[in-house]
Amino acid sequence: MGRDPLIGLVGKPSSGKSTMLNSLTDATAKTGAFPFTTIDPNKATGYLQIDCACARFGKTDLCRPNYGSCKNGKRFVPVMLLDVAGLVPGAHEGRGLGNKFLDDLRHADALIHVVDVSGSTDAEGKATSGYDALQDVEWLRGEIMRWIEGNLKEKWGSIKRRHVSTKSTPVDTLQNQFSGYGSTAAVVQRCLDRIKLTEPLEQWSDATIELVVSTFVDEKFPTILALNKIDHPDADRCIYRITKKYPDMDKIVLTSAISEVFIRKLVKQGYAYYEGGEFVTKSEDPEDRFHLKEIIDERLQMRIDALRDMLFYRWGCTGVIQALQAAARQLHLIPVFSVRNIHTFANSSTDDAVFKDCTLVKRGTQVGPVVRRIMGDVPIAFVEGIGGVRVAKTDTVDSGKNDILCFKIGH
């Protein structure tokens, strides 16, 4: 991934997508780091929680990131979010904001599909009761499938003729068609490796084309299901049906975005402490560790009690931070910390702050591309890792391996 990763949030109207986006972009509000940042009307900076290298080396008190924040070894790293609007059934035919929806979608590296599991909104986000949210999961993928498949089949005759006349490989031919969806030759190659086709491209049947498109959608648009509104009394039925049909729990996160926003407001107003999943109000803090205000509004106290009963006691957390972490895992992202002094981890002899810079890269990326990603065209004589050991540009990065690097400028 030669650029910053882009994670798209999709969801029908009233699913809680906008609330989820706001809660992700305000992920550091409880530490007072900085506010929600909008890049353009549908892009924003969110914050991914990672384990910072400062905890590994006992330097949590010296960690002061240039971007994001870090507290007790838990670091919030900026990541780009894309608000993909216009999701309704028939988007591939132009319904709703269909064309814009699909055009926005192609830029995303991964998706977080915010699914309303309360059953209180229908496929178009209108109020109802008893709606089966499993339908929403299935028609999102169906919309993407029909969009790409329709475009491919419409031109399949000329695609086959050109493939044969130019003696191209299947990867080259398909990449020419899929490049408009943000694909790369490597993505196409992984798709073909997964399905192990033996028949020549010009002999592919409609069923084979559908299989190729289905595999491409899985590879190009890895999707996390954020089952939202889990604190609703009727959510259990939908959660059960979805998890039964899609048992891979690495791709499912239970969330309550509105609860996350509510808790953040309590924190800002001084009524609650909220860190690392720990939610504390004045009544749970007899020693006054967090210097919280006493809650005297009965309705506010009742809402907090309901939040504990329906969310924290049952599920343990709001799931908002976990949804973004799950998307990052699908992209195999790991943090790489660049420092100027490999022994002190500082960037300046006059500033003792450590691990100020952090970049998210794909696990297994070679050091050479990481250098170019961080340093651009600046000439680098050599790269050092922990202990001052030189690292080859062909070495790869992983968690705890070549993830702290010092670049020595020169020829």
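Half of what you see is hidden from solvent: buried residues make up 50% of the 411 residues in the protein chain. Keep in mind throughout the tour that this is a predicted model.

**The whole chain**

Start with a cartoon view. The protein chain holds 13 helices and 17 strands. Its radius of gyration is 24 Å, close to the 22 Å that the globule rule gives for 411 residues, so the chain is as compact as a globular protein of that length. Turn the C-alpha trace along its principal axes and you will find that it spans about 80 × 65 × 35 Å. Switch on the surface next: about 19600 Å² is exposed, and carbon and sulfur atoms supply 50% of that area. As for contacts between residues at least 6 apart in sequence, 70% of them join residues at least 24 apart.

**The cores**

Now select Ile-112 and Phe-355. These are the residues with the most contacts inside the largest nonpolar core, which has 40 residues. Helix H12 (residues 320–330) gives the most to this core, with six residues. Apart from it lies another core, of 32 residues; Leu-105, Ile-148, Trp-156 and Leu-192 are among them. In soluble globular proteins, nonpolar side chains tend to be buried together.

Go back to Phe-355 and show its surroundings. Leaving out residues up to four places away in sequence, Phe-355 touches partners including Ala-53, Cys-54, Phe-57, Phe-337, Phe-345 and Ile-404.

**A group of cysteines**

From Phe-355, step to its neighbour Cys-54. Cys-54 is buried, at 0% relative accessibility. How far is its sulfur from the closest cysteine sulfur? The distance is 3.6 Å, to Cys-52, which is too far for a bond, given that a disulfide needs sulfur atoms within 2.5 Å. Select Cys-70 as well: the nearest cysteine sulfur is that of Cys-54, 3.7 Å away, and Cys-70 is in no disulfide. Cys-70 is buried too, with a relative accessible area of 17%. By this rule, the count of disulfides comes to zero.

**Helix H9**

Select residues 235–245 and look down the helix. Here Ala-235, Cys-238, Ile-239, Ile-242 and Thr-243 are buried. They cover an arc of only 120 degrees around the axis, which puts them on the same side of H9. An α-helix has 3.6 residues a turn, so residues three or four places apart point the same way. Tyr-240 and Lys-244, on the other side of H9, are exposed. Add the elements that the buried residues pack against, including strand E6 (110–116), helix H4 (134–154) and helix H11 (298–315).

**Helix H13**

Move on to residues 367–375. Which residues of H13 are buried? They are Val-367, Gly-368, Val-370 and Val-371. Seen down the axis, they fall within an arc of 160 degrees, so they line one face of the helix. Their cover includes strands E11 (333–339), E14 (357–362) and E17 (404–409). Just after H13, pick Gly-376, which takes a positive phi of about 65 degrees.

**Two last stops**

Most residues other than glycine have a negative phi, and most peptide bonds are trans. Lys-196 is not a glycine, yet has a positive phi of about 50 degrees. You will find Lys-196 in the loop between helix H7 (185–195) and helix H8 (206–220). Is Lys-196 buried or exposed? Lys-196 is exposed, with a relative accessible area of 65%.

Finish at Asn-402, in the loop between E16 and E17. Asn-402 also has a positive phi, of about 55 degrees, although it is not a glycine. Asn-402 is buried, at 18% relative accessible area.

Technical notes. Residues numbered from 1 in each chain as written. Heavy atoms only, no water. Buried < 20%, exposed > 50% of the residue type's maximum accessible area, 1.4 Å probe, protein only. Helix = DSSP H or I, 4+ residues; strand = E, 2+ residues; numbered from the N terminus. Arc of directions from axis to C-beta. Contact = heavy atoms within 4.5 Å. Core = buried A, V, L, I, M, F, W, Y, C linked by side-chain atoms within 4.5 Å. Rg over C-alpha atoms; globule rule 2.2 N^0.38 Å. Areas by Shrake-Rupley, 256 points an atom, 1.4 Å probe, with all protein chains shown as cover.
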